[in-house]
Amino acid sequence: MTQPITFVVLSTGLDNFKDIRKALSAEGRVQLLAGGNDPDQLYEEIVRLKPNAAIIALGPNPETAVNFIQRLNKECPKTAIISAAADASPDLILRSLRAGAREFLRIPISVDELRTVLDRISDYCNAQVETPKKKGRMVAVFSSKGGCGTSFIATNLAACVANRSILIDLNLQAGDLPLFLGVDPKYSIADVVEKRARLDDALINTLVTPYSSQLSLLAAPKSADSADEIEPQHVFEVLQRLRESFDYVVLDPQHTFDSITLAALDQSDEIVLVLTLDIPAIRSTQRALEIFDRLGYPRKKIRIVVNRWSKQIDLDLRQVEKFLGEPVVGFVPSDYQTAVNSINLGTPLVQSDPTSKIALEIRRIAQTLSAGVLPLEDPKPRRAFWSTFLKRQPAEPKFELKASMEKA
Ligand SMILES: Nc1ncnc2c1ncn2[C@@H]1O[C@H](COP(=O)(O)OP(=O)(O)O)[C@@H](O)[C@H]1O
Ligand SMILES: [Mg+2]
């Protein structure tokens with residue numbers, strides 16, 4: 001390892017700290033980033049600085065130190081923990097190792113012992129240098145106003161893709177995506193967050209709810225209490241991990257700019273910004289675009305889609321686009337019966353009624369989003385019985401919107 005091994009030190013006694021610091025500074029390959037006697041403060045530093053290793057002096061209050069080792073081992077598994085003590089009993093050393101310490105150092109620290117420990121930590125760090133991870137494409141379907149159809153569109157976009165995709169319900173207090181897929185999830189994002197330090201593909205597969213061989217759902221928590229415990233940082237980490245396991249990640253965030261929504265929007269490759277063509281929704285879309293500008297999102301990350309589009313809408317589309325300063329890239333027709341039927345059936349419309357105008361337009365939007373990145377699933381006409389009674393026409397939206405925004 002050519003980079004220095006970075007350290008933080010938790011030590012209750014000043015003498016211990018001085019001894020540890022002196023021993024570390026004699027080693028050229030070590031960089032001490034932070035030290036202190038307050039576990040909570042040091043924990044914040046470890047989360048922020050992500051050191052390779054932490055020395056935890058067991059000190060006069062070994063109970064606190066062992067608990068801290070346990071916490072670090074769970075929450076920051078990439079930081080190698082070294083317990084250290086002047087006169088530790090074999091029992092205490094064993095407890096520290098069981099709590100998650102990889103090594104033990106006697107204080108005062110001997111040069112030889114430190115070298116041996118550093119060699120092993122260095123091997124551990126080298127093993128941590130990962131090959132670049134696969135990163136699935138992440139799309140957030142967002143509207144700053146509820147009821148515009150974001151959950152409906154998100155579900156159908158996720159169901160279009162031929163590769164492994166996951167739909168994630170970030171409406172933590174009141175998620176309703178299981179209804180859209182007709183599933184009854186056993187686990188939720190709260191379980192994934194709780195187990196985030198040891199998520200591997202096998203564990204992820206047990207925590208998500210399969211809908212088909214391609215599509216899975218990560219549901220919102222059933223109880224509001226477990227939702228309250230989820231921090232934005234947890235969501236960020238979990239999303240990062242999930243995009244390593246899935247080719248396509250579709251997010252259905254809340255309709256507010258809370259910090260969990262921002263954690264989701266920040267790391268999305270694209271944001272499908274959904275609106276309906278009414279004045280409150282247009283205004284709220286314009287405000288959302290202003291916020292995205294302030295957040296530094298490039299405009300090419302944003303794709304504006306009109307939902308519930310109909311010829312009867314008395315607004316001039318060009319005026320709307322001018323007002324928003326962005327083109328509208330998709331028009332999902334309004335067809336309440338067809339949309340509601342698919343939700344009642346618990347099957348995405350792109351599958352239950354793939355030749356409906358709504359399904360065709362959502363597939364077209366999915367194609368533009370994943371252009372050159374992901375193949376779409378072959379539409380398998382699995383029509384619901386009522387669809388055979390409906391006369392179908394090729395989806396070709398005509399945008400003859402009449403009155404101007406100013407007039408409205
Ligand atoms: N294109 C559409 N045409 C008609 N009704 C729609 C359309 N898209 C969604 N809906 C209906 O609008 C309602 C709200 O949709 P939903 O996706 O839950 O909104 P949001 O998640 O934005 O609050 C649902 O009953 C859905 O059936
Ligand atoms: Mg919704």
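# Getting to know this model

Tutor: Let's start in the loop between α2 (39-49) and β3 (53-57), where lysine 50 sits. Keep in mind that this is a predicted model.

Student: Okay, what is the phi of lysine 50, positive or negative?

Tutor: Lysine 50 is not a glycine. Even so, its phi is positive, at about 45 degrees.

Student: Which two residues does a cis peptide bond join?

Tutor: Look in the loop between β5 (103-106) and α5 (111-128), where you'll find proline 108. The bond there has an omega of about 0 degrees, and the residues it joins are isoleucine 107 and proline 108.

Student: Now the helices. Are α3 and α4 roughly parallel or roughly perpendicular?

Tutor: The axes of α3 (residues 62-75) and α4 (residues 90-99) come within 8 Å and cross at roughly 25 degrees. Angles under 35 degrees count as roughly parallel. So α3 and α4 are roughly parallel.

Student: How do the residues in the contact of α3 with α4 divide by class?

Tutor: From α3, the contact takes Pro62, Glu63, Val66, Ile69, Gln70 and Asn73. From α4 come Leu92, Arg95, Ser96 and Ala99. The split is 5 nonpolar, 3 polar and 2 charged.

Student: And how are α6 and α17 placed, roughly parallel or roughly perpendicular?

Tutor: Helix α6 covers residues 150-160 and helix α17 covers residues 357-369, and their axes come within 9 Å. They cross at roughly 65 degrees, and 65 to 115 counts as roughly perpendicular. Therefore α6 and α17 are roughly perpendicular.

Student: Is the crossing of α6 and α17 left-handed or right-handed?

Tutor: Picture α6 passing α17. The crossing is right-handed.

Student: What classes of residue make up the contact of α6 with α17?

Tutor: On the α6 side you have Phe152, Ile153, Asn156, Leu157 and Cys160. They meet Ile358, Ile362, Arg363, Ile365, Ala366 and Leu369 in α17. By class, that contact has 9 nonpolar, 1 polar and 1 charged residues.

Student: Which residues come nearest to ligand 1?

Tutor: There are 20 residues around ligand 1. Of these, the ones that come nearest are Gly147, Thr150, Ser151, Asn307 and Arg308.

Student: How many Å separate a nitrogen atom of ligand 1 from a polar backbone atom of proline 333?

Tutor: Take the oxygen side of ligand 1 before the nitrogen. An oxygen atom of ligand 1 is 2.8 Å from a polar backbone atom of threonine 150, and an oxygen atom of the ligand is 2.8 Å from an N or O atom in the side chain of serine 151. For the nitrogen atom and proline 333, the distance is 2.9 Å.

Methods. Residues are numbered from 1 along each chain as its sequence is written. Chains are lettered from A and ligands numbered from 1 in the order in which they are written. This is a predicted model: local features need pLDDT of at least 70, side-chain atom pairs count only at pLDDT 80 or more; totals for chains, interfaces and linings use all residues. Side-chain values use heavy atoms; hydrogens and water are left out. Axes are lines fitted to C-alpha atoms, for helices over the stretch in contact, and angles run from 0 to 180 degrees between N-to-C directions. Helices (H or I, at least four residues) and strands (E, at least two) are DSSP runs, numbered from the N terminus. Angles under 35 degrees count as roughly parallel, over 145 as roughly antiparallel, 65 to 115 as roughly perpendicular and the rest as oblique. A crossing is left-handed if the near helix is turned anticlockwise from the far one by less than a right angle, and right-handed if clockwise. Contact means heavy atoms within 4.5 Å. Ala, Val, Leu, Ile, Met, Phe, Trp, Tyr, Cys and Pro count as nonpolar, Asp, Glu, Lys and Arg as charged, and the others, Gly among them, as polar. A residue is near a molecule or strand if one of its heavy atoms lies within 4 Å of it. A polar contact is a pair of N or O atoms within 3.5 Å; within protein, one must be able to donate a hydrogen and the other to accept it, and residues adjacent in sequence count only if both atoms are side-chain atoms.
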